[in-house]
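Subject: Structure for you to look at

Hello,

Here is the structure I promised to pass on, together with my notes. I hope they help you find your way around when you open it.

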Amino acid sequence: MVVKAYPLGIVHMINNGNVEDEESRMEPSVGLEFDSADEAREFYGLYAMRVGFKIRTGQLYRSRTDGSVSSRRFVCSKEGFQLNSRTGCPAFIRVQRRDSGKWVINQIQNDHNHELGLAGESQSPILQQRPPLVTKSLVEVLRRPKVKLLEKIEYGGPSTSGVINFKRQKRGDGGQSIAEPYAGLEFYTANEAYEYYQAYAEGTGFRVRIGQLFRSKNDGSITSRRFVCSKEGFQHPSRVGCGAFMRIKRKDSGSWIVDRLYKDHNHDLEVQMVYQKKFSTASKKVIEEEADGMVSMDLGEMNSGKLIKTSQKIKIGTDWYSVLLEYFQTKQAEDTGFFYSVEVDNGSCRSVFWADGRSRFSCSQFGDVIIFDTSYRKSNYVVPFATFVGVNHHKQPVLLGSALIAKESKESFTWLFQTWLRAMSCCHHKSIIADQDMAIQQAITEVFPGTHHRFSLWQIRAKERENLRSMPIEFTYEYEKCIYQSQTTVEFNTTWNSLVNIYNLKENVWLKHMYEKRESWVPLYLRGKFFAGIPIGESVESFFGTQVNGQTPLREFISRYEQGLEQRREEERKEDFNSFNLQSFLQTKEPIEEQCRRLYTFTIFKIFQDELLQSYSYIGIKTYEEGTISRFVVRRSGNENDKHAVTVSSVNLSVCCSCQMFEFEGVLCRHVLNVFKLLDIRELPSQYILCRWMRNAEYRILCGAESGMSSQELKAFMIWSLRETACKYVECGAASIEKYKLAYEIMREGGKKLC
């Protein structure tokens, strides 16, 4: 069927003006065909207008053969984070051009992470000004396989804190109605708020789903959640656009409060509804999932007015193993380079690690800097999904392995890091970005000796809020200035000690610890370490974004994982095509610019070109010369404070700048380029063009062979390089009988020369 789309805002009248029949067809689905990409966009625009969001045109993908557009993505207008109004929404459709010239939807994501313009949602929530509910509410999720029932809720005397606190309790007799929610109702955790609303819904006669969640723009942590009636929206025939919902917001103290509420439903409620055992897929995102996933809920109890958290061991349910192992076996049949391993302890399966052939090959290219992403810990999670991520030659994230972590202990992390190292043929890396937990620090020291460990920014921010929230705004300003503007170690130490003394923080345990670990998080100490230019003051973006995270349920995990991985790799292929087939414009007549345009990828050349252009705004003055060593002071014209020292050795043209951009990012800075012009150096020395940033980075093995790498490392590089190249030709050769015969002949003739 080919859909004929019409201009935005116009619904084609058919069946004697029956608009409803046309609207019933306006649900995007995989396989839907269009005459053109523009018609697909108009169709998606009509659907978006009806559902309650706006769209933009996203990425386009080109054919490797002729460069023509082969597919397009149309995304929610809130996709990405480039503007403050955007929330990283994952909703999109992707259409692909067929040989017939038609365009067909081949990928789709309907879920949004923000509020939609639905009927009823714009109405004012019910706000009641009354004191917090006096309660000792008790809800339990039974810890038995395949059984998840809400227990009765009891009420007692006053709570000193006014915060609802859910405890464990054995199954009681009969249910009791729950007090109605109201604005201002407070909970210790988001889980408790969800369980309360779930129990209230059961007594009232409706079911609930998890709605949108909202994240902080500063550190990505969850700041609010919406729990909605199961009949909210129109994505399913059973849904009627019900506007009932409860939204909770995280306070600075860490507790959660109801800040928006709408209780009216647009459908009949069920009387004495029996709570079902099976939750919806969305429900599993917040509630613990014993049989189908990980147990990760922290339970709290009130003791003398204080919240005591009791941690539980994290386990991977048997259902996860069966699904993952089936997936692994399927991948191994398709990909000879696929690797997986399962940690076993006393006969029980624990953590799981896997990486496909492409990830292992990527590590041979871009494994010098790795990000161990455990951001699932930012919120209540269903699955402790972690990733090893690198940075490719286009400065894009590239997957180097995936894992499920059964227990956050030194032993588990040590096993995981050793397994990753074995899978990557002992790939040597210089630095790692990971959380600062003691278990992770100890495992990194043991498995990756000599590797510089940089702390994850999101965790530092969370600890700052926790330990410094009572400090005045003046302290915050001075603290940030000390961290981000100190230029020397002497300046940093002096400013830090002054802050600690002025604000009487000598006994602050957290600040003491952070000062001891300053080389792992203070920019001043990180500049001299290679991190492929990953910004220090910004949180690292998750490789899978919102597609796969700690709340992805089992039934959707594999499909979302594959979809997110393919999307990232398609983006890399697009940049590869552009770098090999397109050329950037030269801005100067410098031979050095032409040299770098020829060697670097598009992205890296733009960084270099900007530094080259900026170098014209600086003045270099020689201040010292002795033998083969010369020193220069390079300062910006009209700004005496913007200056750096450059040291040059004429023996092998080695150069060093106090800004340390090359050490941190691997691209020469404007100050060095200014000195090169003074010395009439017209081409960059080879040691300052890193193979990892070159267009042909996949052949960086040739550079490695000349850099003194071990025979074991060299062999691993060669194996992965040849395997990856062979896989591309195998795919092409299997396209038809004719291509197969040609490919077979080529390999046979080539084999005669090799063997």
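Below is what I found, starting with a sheet and the helices on it and then moving to two helix pairs.

One thing to keep in mind while reading is that this is a predicted model.

**The sheet**

The part I would look at first is an open sheet of 7 strands with mixed pairing. Its strand order is β15-β16-β19-β18-β17-β20-β21. The edges are formed by β15 (339-345) and β21 (452-455), each of which pairs on one side only. On average, neighbouring strands in this sheet are turned by 20° against each other, direction ignored.

At the β15 edge, the partner is β16 (residues 348-355), and the two strands pair in the antiparallel sense over 6 bridges. If you want a spot to check by eye, S341 stands opposite F353 in β16.

**Strand β18 and its partners**

Is β18 mostly covered or mostly open? It is mostly covered, with 7 of its 7 residues buried. F385, T387, V389 and V391 point one way from the strand, while A386, F388 and G390 point the other way, and all of them are buried.

β18 pairs with β17 in the antiparallel sense over 3 bridges, and there F372 has F388 as its bridge partner. β18 and β19 also run antiparallel, joined by 7 bridges. In that pairing V389 stands opposite L399 of β19. These two strands, β18 and β19, form a hairpin with 5 residues between them. Within the turn, K395 has a positive phi of about 65°, so please have a look at that residue when you get there.

**Helices on the sheet**

Helix α5 (residues 357-366) packs on the sheet and touches β15, β16, β17 (369-373), β18 (385-391) and β19 (397-404). The direction of α5 makes about 125° with that of β19. Helix α13 (residues 554-581) lies across β16, β18 and β19, and runs at about 160° to β19.

**The pair α8 and α9**

Helix α8 (residues 457-468) packs with helix α9 (residues 473-485) at an angle of about 150°, and their axes are 13 Å apart. That angle makes the two helices, α8 and α9, roughly antiparallel. α8 passes α9 in a right-handed crossing. On the α8 side the contact involves L457, R461, E464 and L468, which meet F475, Y479, E480 and Y484 of α9. Sorted by class, the residues of this contact are 5 nonpolar and 3 charged, with no polar ones.

**The pair α15 and α17**

How do α15 and α17 cross? The axes of α15 (residues 602-615) and α17 (residues 670-678) come within 8 Å and cross at roughly 60°, and the two helices are therefore oblique to each other. The crossing of α15 and α17 is right-handed. From α15, the residues F608, D610, E611, L612, Q614 and S615 meet R670, L673, N674 and K677 in α17. The contact of α15 with α17 divides into 3 nonpolar, 3 polar and 4 charged residues.

That is everything I wanted to hand over for now. Do write back if you would like to go through any part of it together.

Best wishes

Definitions and conventions. Residues numbered from 1 in each chain as written. Predicted model: local features only at pLDDT ≥ 70, side-chain atom pairs only at ≥ 80, totals over all residues. Heavy atoms only, no water. Pairing = 2+ DSSP bridges. Helix = DSSP H or I, 4+ residues; strand = E, 2+ residues; numbered from the N terminus. Axes fitted to C-alpha atoms, helices over the stretch in contact; angles between N-to-C directions. Contact = heavy atoms within 4.5 Å. Parallel < 35°, antiparallel > 145°, perpendicular 65-115°, else oblique. Left-handed = near helix turned anticlockwise from the far one by under 90°. Nonpolar A, V, L, I, M, F, W, Y, C, P; charged D, E, K, R; others polar. Buried < 20%, exposed > 50% of the residue type's maximum accessible area, 1.4 Å probe, protein only.
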